[in-house]
Amino acid sequence: MSAVRRKVRAFVRVKPTADFPQDVIRFGPDNKSIDISIKRDIKKEVVNNKQTDWSFKLDGVLHNASQDSVYEAVATQLVSEALGGYNGTIICYGQTGAGKTYTMTGLGKNYQHRGIILRAIQQVFRAIEKHVDQSITVRISYLEIYNEVLFDLLSSTSGNTAGNVQMNIVDGPQGVHVKGLSVHHVSCEEDALSLLFQGETSRVIAEHTLNKNSSRSHCIFTIYLESHSRILSDAKYITSKITLVDLAGSERLGKTGSEGQVLKEATYINKSLSFLEQAIIALADQKRDHIPFRQSKLTHVLKDSLGGNCNTVLVANIYGEAAQIEETLSSLRFATRMKWITTEPTINEKHDPQRIVKNLQKEITLLKQELAMHDSLVNRSPVNYDPLNETQIAEINSQVRRYLEGAIDEIDIMNIRQIQEIFNQFKVILSQQEQEVEARLRTKYILIDKNDYAAINAVQKAGLVDADGHLVGEVDGQGFGIGIAPFLSKQGGRRAKARRVKELASLTPRKEGSVKDLESFSISRSQLVSANKDLDMKEGKEQDAASIETHRSEMAPREDSNRPSTPPLKPVAFEDFKNERGSEINRIFKENKAILSDRKRKAGEITQRINLIKHQMDITKEALELQKQERELQGEYVDEKGQIIIDEEEFLLIMKLQDLKKQYRSDYDELQDLRAEIQYCQQLVGQCRSRLISEFEIWYNESFLIPEGMQEAIKPGGNIRPGMIPINRVMCLDEDEQERFDRMQKAALPACPGSVPFYNAKSKMEQQHSYLRTVTSLQQMQKKPGLLPAATKNKPLSLLHIV
């Protein structure tokens, strides 16, 4: 599809202020131009030829505009085209404190003041609900550039930290992408907003004179879209991405008064924005061949957005005050330069290899049906066009052997596959006969290569040559000499000949396995037998130990009715308890442990199988990628329908990869089920173990430690039971902040149903923050001396505490 050249659109948003200089800043009647006029400085009667009037033409001036009107003018069309396959980028540029972050993200707690990012997410998911004929997948990422270092603001969600993953900007055939940046799949608006709010909490902000919450980094929020048709079986699908850029504000250090770390951050910000302006000037100059995108991380990341396949929109945020007129002029000049840039957006169409394979399979099925219909119309016997199975291959092998033996005079030909298999079976039979002849010769003779001079010298020294100096039984024109008689039948005795054969065998290289290989094979077999014997002995010892343990348990002393003067040792008493009062719990505990061990063993086997399948999948993918690269180098062929034609080898690799993926998915599901069972079994084993120990403690205290005067109180119907919690320990909790928030949310949401995902995501973020604050406070309490750890406050009190 041919690209359409478009100019970058530029808008100006004026920050509302109570002291707006109407005599300095004037807007055109069409709200697409802005004029600035300042008074000439005539001090000391010196001639001053500096420019005092400027006029800027833009695509729109947004003054006293709400967030709704800003989004409607700037982003609605761009997001709609992104759903159709076009890439889109929105950039907020301006001095610090001019309202860039407010324009891009808005106020966090007010639904009506949402920014461009939140509204774009809502528009995307509402469009997905309407496009029922399209299956659209949404993924998001959040990148921060702080002091020329890349950070992933969503790294904690994926289980990694920003320091553990090295991120680099890579130029690929599909454009620029950040290697190591996590991309998260989202299925609804609420999930996307939750990730956005989580990333917002990780941004770097600071305070200076012009802004209390100044962003100290450039942030890039990207929405990736992939759309497949649910109606058409076409292998084509479209992809696009929406890049939303919140740039850090440029600063004049004399006005902000930045010091220390804030000064260092301002230096990096101004430097990167200066490189961005240089790239803009180079792009606007049609005669420039080189564009300095690699001068900074920011310009490198925005390479596709500025001069590539993308719809780009700039929002220049300016102050509406006379004191900031110099920075306002700088922002307006930048916006004007952006309008000079031309981009070439095109629909991003791709082909799905799996869908291509399915379409080809359908076409093959239809062609087979047409062939079968043609055979029936011409009264031809049914022909099978499917690949030959093992039974048919064995039948062809039998026919070829009978043909070679003369049992049959000809072989009936049915199709091309049969002809190919017949030639293949000829080769197989020939190879088998060669191996049989060579094996028969090796049983009686030793074959020596005529080009192996070391072996020939050894044979000459052994005296195994004839009167003419040739090898015994040498055949002219052949590569091997063949002995005519076994060595043991010659003179010299059986031992001498055996020694000679051994020496000759040590010097003569053989094709099929040497004596050393046979010796190692015999040793490995002996080791295997000994290992089996050791295993049997080990099992026998385990059985003996089990029988001894059973014998000991049967012979263990029973609990006497009279209490001993001194309590027995707990290990001894515990064995008695498991055999008598706690026998049922102990039996259940052992059964659960046995089941747990069996499930773990099965999980280990399935894990090994999955790893093997994964290895095969990686090998197949590499082979498929090599085939694809070779096809691209040789040139791709396209049929009438516009589908890429692939060869049989690539088709077989794709089919193999599909089968491996299916097996991998099946084994992985089975492993997940086993893991769930293992987790459940571990929970049961832990419960049984805890129950067994707690019951033993109660039994041990009742039997040996509690005074006789307290025995009546702990009997059924008594006043005290071990483990009883006093009633004054029960705590009554009032309504907390979260419950009040939920109640207020239910009362306020009916007025604006579209705000449900927004408030739900906010609620989740507040819950996470509350949880983290609670955990931190508990950890600090545990470090203070004299305080009871939080983990033990709600435990049941034992009998000793009550007494």
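Author: Buried means under 20% relative accessible area, exposed means over 50%, and partly exposed is in between. The model discussed here is predicted.

Reader: Is Asn 31 buried, partly exposed or exposed?

Author: Asn 31 is found in the loop between strand E3 (25-27) and strand E4 (33-37). Its relative accessibility is 42%. Since values between 20% and 50% belong to the middle class, Asn 31 counts as partly exposed.

Reader: What is the phi of Asn 31?

Author: Most residues other than glycine have a negative phi. Asn 31 is a residue other than glycine, yet its phi is positive, near 55°.

Reader: Which class, buried or exposed, does Asn 64 fall in?

Author: Asn 64 also sits in a loop, between strand E6 (60-63) and helix H1 (67-74). Asn 64 is not a glycine, but has a positive phi of about 55°. Its relative accessible area is 56%. The cut-off for the upper class is over 50%, so Asn 64 is exposed.

Reader: Why is helix H2 described as largely enclosed by the rest of the structure, and which of its residues are buried?

Author: Helix H2 spans residues 76-83, and six of its eight residues are buried, so the helix is largely enclosed by the rest of the structure. Those buried residues are Thr 76, Leu 78, Val 79, Glu 81, Ala 82 and Leu 83.

Reader: What phi does Gly 85 take?

Author: Gly 85 comes just after H2. Its phi is positive, at about 115°.

Reader: Which residues is Thr 328 in contact with, apart from neighbours within four places in sequence?

Author: Thr 328 lies in helix H10 (residues 325-339). Thr 328 is buried, because its relative accessible area is 0%. With those sequence neighbours left aside, its contacts are Ile 36, Gln 95, Ile 318 and Tyr 319.

Reader: Which residues form the negative surface patch that includes Glu 648?

Author: Glu 648 is found in helix H19 (residues 648-705). With a relative accessible area of 60%, Glu 648 is exposed. The patch is formed by Glu 630, Asp 647, Glu 648 and Glu 649.

Reader: What share of the residues of the chain counts as buried?

Author: The secondary structure of the chain comes to 23 helices and 23 strands. Its accessible surface is about 50500 Å², with 53% belonging to carbon and sulfur atoms. Of the 803 residues, the share that counts as buried is 34%.

Reader: Among contacts between residues at least 6 apart in sequence, what share joins residues at least 24 apart?

Author: One such contact partner of Thr 328 is Ile 36. Over the chain, the share of contacts joining residues at least 24 apart, among those at least 6 apart, is 72%.

How values were computed. Residues numbered from 1 in each chain as written. Predicted model: local features only at pLDDT ≥ 70, side-chain atom pairs only at ≥ 80, totals over all residues. Heavy atoms only, no water. Patch = residues over 30% accessible without salt bridge, like charges linked within 9 Å, V, L, I, M, F, W, Y side chains within 5 Å. Areas by Shrake-Rupley, 256 points an atom, 1.4 Å probe, with all protein chains shown as cover. Salt bridge = Lys/Arg side-chain N within 4 Å of Asp/Glu carboxyl O. Lys, Arg positive; Asp, Glu negative; His and termini not counted. Charge placed at Lys NZ, Arg CZ, Asp CG, Glu CD. Helix = DSSP H or I, 4+ residues; strand = E, 2+ residues; numbered from the N terminus. Buried < 20%, exposed > 50% of the residue type's maximum accessible area, 1.4 Å probe, protein only. Contact = heavy atoms within 4.5 Å.
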